[in-house]
Amino acid sequence: MSPAPLLGLGFGPSNLAIAICLLEKGDAPHGVEFIEYNDKFKWHPGMMIKGSHMQISFLKDLVTLRNPTSSFSFLNYLHENTRLLSFINLSTFTPSRREFNDYLSWAAGKVVREGEPEGKIKVHYGESVSHVKAVLERDGEEWTVNTFKVISRNKEGDVEREAKNLVVSLGGYPSIPKPFQAFHTQSSSPVSEEAFPVYHTSQYLDVVEPLLKTLFPTPSMGKKSVRIAVVGAGQSSAEVFINLHDRISELSLPEDSTVHVDLLIRQTSLRPSDDSPFANEIFNPNMTDLFYELGEGKEVGDPLNALSLREEGLGGIGDVQAEGRGESDGNGKAREKLLKEMKATNYSVVNAHTLQTLYETMYTQKLETKSQPRLRILPNRKIVSVSTSPDCSRSLIFDIHNSLFTNAEERIEYDAVFLGTGYKRDGWKGVLGLEVPAFDVTEEKAVMEVGLSEIFPQFIEPIQTSEISPTPSSSSSSSRNSAAGDSDEDERLLSQSHLTNITTPSSFAAEESKRVSPSPTERDWKVSRNYQLLIPRHFQYRGRRGTFKPTVWLQGSNQATHGISDTLLSVISIRSQEMVDGFFKNGHFE
């Protein structure tokens, strides 16, 4: 079997947008493939809570900002499902999260129906990627790497594929705070009576019903007093907090039972997300240019160019740089400052509608003294440690510090915990074998398969023993764009995934010049403006010079260099065009 011209790892919204862009490009290569862990398209399945809505406009779908006439648009999805007029009558730009998920699933199915029969695109569901190797071929006294070998596993066993270019969009995996790492239950189903009931909010809908049946088996059985903790101050935590109240309120509980659901947050109060028009400009795709240049030491002028808001008289964010030209610091400090200011729109914040619903719910319980459960928000709390309860094998005791007072310490026992503590997005390093030398190759052969860390040992990442291993996720996204918001990243969903601004030939030459081996002390891989991982072009391996030709492209893991929208849905349609243009300009297709 010949190598795939492009192989996508993950098939969440970000890689789905890539697939659509390739289908709509008339001269795209045939034989593009995608590998997806789930058995069908899924997008934050654990957070499809009834009544939850998107926090971005439906116009920021998979295609509209790139191609408003595309048949893969949200509006065409409504048309084909005979709901367009009904949706118009809703007078809203923000569909329910369930409907947007249905749209994404519809688009994924349309890609398969249109792409597979012609041999353009093939999606392999139900496969987990194990690792990636570089295929070394010896030609005389030199090595050449022309392809990657990708090893995945499905229900029938291991599967091997070769590819000339990879686009990695694995999504995020739960970020579990250190006090909870020994107790977190990674499996979503079934709820085990032996495991501690500690879950991430991304698992919520998968576990909440069996969990409540365990805590309240019958109206006359179960514990007389139950406490459930929700940790985090973001959108997902607030939604879980409210939904737990609604579900438990429907149970028939004994009159002498008490149920408490606590929301533990580090800040003084829940804060509303800033979704005003000016604040929303930071999610515009052209802000990616400004953010990237801030760390490159380049002269930065008006980032919006002819389309600047200043020229339109709106006085937008672009004017910060438009007032004068200057050179950015080139070391990331300007990026860090801007990113910190941006986070108020998307991290550890809750949308106004959810806050209003929560406040009304908590106000109502003041009128109904016997209502169950009792909701309580515990602000200024830092969880210092977590231990098992001596009286109950499955309960946990929190040692909590109140940051407002010097010696304010608390100990509270909980029977179940939901963590709205964000996601980590560095799983691509493990898949590409960049954390440790993964393969012991002792005998030299004419053709060898080795990990990237064998060829580029200067980039080996130190092992983070305190972190959990990444679990596959097709949610390529966060608060506003990611349907599953959390205390660190809430819902402007990717994701995983992840503007018409095409990189010029001169900028590609600049990128190519960077493909040289960095200092052995430099472990940070660099990513180009068009999301290409800048792998050194030349290397030394076993005393021989080598040339590295395949390319890797990253989605949803570049927030530090490309801005807050990188993990969100806001930019994925235009980013897909940028990346597809990059594939054809800088990819390896020989």
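## Exercises on a predicted model

Leu-569 lies in the loop that runs between α15 (559-562) and α16 (572-586). The structure is a predicted model, and the exercises below start from this residue.

**Exercise 1.** Decide whether Leu-569 is buried or exposed.

*Solution.* Begin with the relative accessible area of Leu-569, which is 2%. Residues under 20% count as buried, so Leu-569, at 2%, is buried. As a further step, consider Gly-556, which is 13 residues from Leu-569 in sequence, while the two C-alpha atoms are 9.8 Å apart in space. For the wider setting, buried residues make up 54% of the 590 residues in the protein chain.

**Exercise 2.** Describe the second largest cavity: which residues line it, and how do they divide by class?

*Solution.* Start with the space itself, which comes to about 50 Å³. The lining consists of Ile-282, Asn-284, Met-287, Thr-288, Phe-291, Met-342, His-562, Gly-563, Ile-564 and Ser-565. Sorted by class, these give 5 nonpolar and 5 polar residues, with no charged ones. Finally, ask which element contributes the largest share of this lining: it is helix α8 (residues 287-294), with 3 residues.

**Exercise 3.** Work out the strand order of the open sheet that is formed by 6 strands, and find its edges.

*Solution.* The protein chain has 16 helices and 24 strands. Reading across the open sheet, the order is β3-β2-β1-β7-β24-β21, and the pairing is mixed. The edges are β3 (121-125) and β21 (532-533), each of which pairs on one side only. Within the sheet, strand β1 (residues 7-9) and strand β7 (residues 165-168) run parallel and are joined by 3 bridges, and Gly-8 stands opposite Val-167 in β7.

**Exercise 4.** Classify the aromatic pair of Phe-58 and Phe-74, and say where each ring sits.

*Solution.* There are 28 aromatic pairs in the count. In the pair of Phe-58 and Phe-74, the centres are 5.5 Å apart and the planes differ by 35°, which makes the pair tilted. Phe-58 belongs to the loop between β2 (32-36) and α2 (74-80), whereas Phe-74 is in helix α2, so that the pair, 16 residues apart, links distant parts of the chain. Both rings belong to buried residues, since Phe-58 has a relative accessible area of 8% and Phe-74 has 0%. A last step widens the view: ring pairs link Phe-58 and Phe-74 into a cluster with other residues, among them Trp-43, Tyr-77 and Trp-106.

Terms used
Residues are numbered from 1 along each chain as its sequence is written. This is a predicted model: local features need pLDDT of at least 70, side-chain atom pairs count only at pLDDT 80 or more; totals for chains, interfaces and linings use all residues. Side-chain values use heavy atoms; hydrogens and water are left out. Helices (H or I, at least four residues) and strands (E, at least two) are DSSP runs, numbered from the N terminus. Buried means under 20% relative accessible area, exposed over 50%, partly exposed in between (1.4 Å probe, protein chains only). On a 1 Å grid over the protein atoms alone, a cavity is a set of points where a 1.4 Å probe fits but cannot get out, and a pocket is an open set with protein on both sides within 12 Å along at least five of seven lines; lining residues have an atom within 4 Å of a point. Grid points are joined across faces, edges and corners, and a volume is the space filled by probe spheres set on the points. Ala, Val, Leu, Ile, Met, Phe, Trp, Tyr, Cys and Pro count as nonpolar, Asp, Glu, Lys and Arg as charged, and the others, Gly among them, as polar. Two strands pair if DSSP finds at least two bridges between them. Rings of Phe, Tyr and Trp (its six-membered ring) pair if their centres lie within 6.5 Å; planes under 30 degrees apart count as stacked, over 60 as edge-to-face and the rest as tilted.
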